[in-house]
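Student: Please take a close look with me at one part of this model, the lining of the largest pocket. I would like to follow its residues outward into the rest of the fold.

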Amino acid sequence: MLTYCILKNINPEESLEITETGFCFLAFIFGPIWGLFKSLWLYSFIGVAVLILLNFLFTNLNIYALLYLSSISSSFFWGFFGRDLYIQKLINNNFLPITHLNASSKEKAMVKYLSNKFK
């Protein structure tokens, strides 16, 4: 079972956003590029800038082990915190977290939320 966070927009259209929580394998693999697709501009820019700076620094100092370690650390950061950053972005864009649900898919989470709402 996966855990989903249901967020509701407080603007007049009252749209719902359902996002999965926890570790994200795509964010782990693609890192800041995944952040760009989720409109996490600032975090993606900082991530790319830090990786470029560390690449330049460690390459000039011939410390390739630290270069690989920093790259792996970046991947783990994005994997574990990418979805949390996305949820924080939604909260900053006038979405309010309504509930957390366990479901096997996003669609089933939506059905479970709507069935509990109209009881």
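Tutor: Happily! Let's begin with the character of the lining: six residues of the largest pocket's lining are nonpolar, one is polar and five are charged. Here Ala, Val, Leu, Ile, Met, Phe, Trp, Tyr, Cys and Pro count as nonpolar, Asp, Glu, Lys and Arg as charged, and the others, Gly among them, as polar. Please keep in mind that this is a predicted model, in which local features need pLDDT of at least 70 and side-chain atom pairs pLDDT 80 or more, while totals for chains, interfaces and linings use all residues. Numbering starts from 1 along each chain as its sequence is written, and side-chain values use heavy atoms, with hydrogens and water left out.

The lining residues themselves are Tyr4, Glu17, Ile18, Thr19, Glu20, Cys24, Leu26, Trp34, Lys38, Arg83, Tyr86 and Lys106. The space in this pocket comes to about 180 Å³. (A pocket is an open set of points on a 1 Å grid over the protein atoms alone, where a 1.4 Å probe fits, with protein on both sides within 12 Å along at least five of seven lines; lining residues have an atom within 4 Å of a point.) Strand β2 is the leading contributor to this lining, with four residues. Both β2 and α4 supply at least two residues each. (Helices, H or I with at least four residues, and strands, E with at least two, are DSSP runs numbered from the N terminus.)

Now look at two charged side chains of the lining. Glu20 and Arg83, both among the lining residues, meet through their side chains in a salt bridge, with 3.3 Å from N to O. This contact reaches across distant parts of the chain, since Glu20 sits in strand β2 (residues 16-20) and Arg83 in helix α4 (residues 64-92), 63 residues apart. The count for the structure is one salt bridge, taken as a side-chain nitrogen of Lys or Arg within 4 Å of a carboxyl oxygen of Asp or Glu. Arg83 counts as buried, at 13% relative accessibility, where buried means under 20% relative accessible area, exposed over 50% and partly exposed in between (1.4 Å probe, protein chains only).

From Glu20 we can step into the sheet. Tyr4, another lining residue, stands opposite Glu20 of β2. Ile18, also in the lining, has Ile6 standing opposite in the β2 pairing. Five bridges join β1 to β2, and these strands run antiparallel; strands pair if DSSP finds at least two bridges between them. In the hairpin that β1 and β2 make, six residues lie between the strands, and Glu14 takes a positive phi near 50° there. Strand β1 (residues 2-9) has a further antiparallel partner, strand β3 (residues 95-103), with eight bridges between them. One of those pairings matches Asn9 with Phe95 in β3. In the loop between α4 and β3 you will find Asn94, which has a positive phi of about 70° although it is not a glycine. Asn94 is partly exposed, with a relative accessible area of 36%.

Next come the aromatic and sulfur-bearing residues. Trp34, which belongs to the lining, lies in helix α2 and is buried at 9% relative accessibility. Between Trp34 and Phe80 there are 13 Å in space, C-alpha to C-alpha, and 46 residues in sequence. In the loop after this helix, between α2 (32-37) and α3 (41-60), sits Ser39. Ser39 has a positive phi of about 60° without being a glycine, and it is partly exposed at 30% relative accessible area.

Cys24 is in the lining too, yet it is buried, with a relative accessible area of 4%. Why does Cys24 not bond to another cysteine sulfur? The closest one, in Cys5, is 15 Å away, which is too far for a bond. Cys5 is likewise buried, with a relative accessible area of 2%. A search of the whole structure accordingly reports zero disulfides, a disulfide being a pair of cysteine sulfur atoms within 2.5 Å.

Last, a glance into helix α3, where Gly47 is placed. Gly47 is buried at 14% relative accessible area. Gly47 and Ile72 lie 12 Å apart in space, C-alpha to C-alpha, with their positions 25 residues apart in sequence.

Definitions and conventions
Grid points are joined across faces, edges and corners, and a volume is the space filled by probe spheres set on the points.
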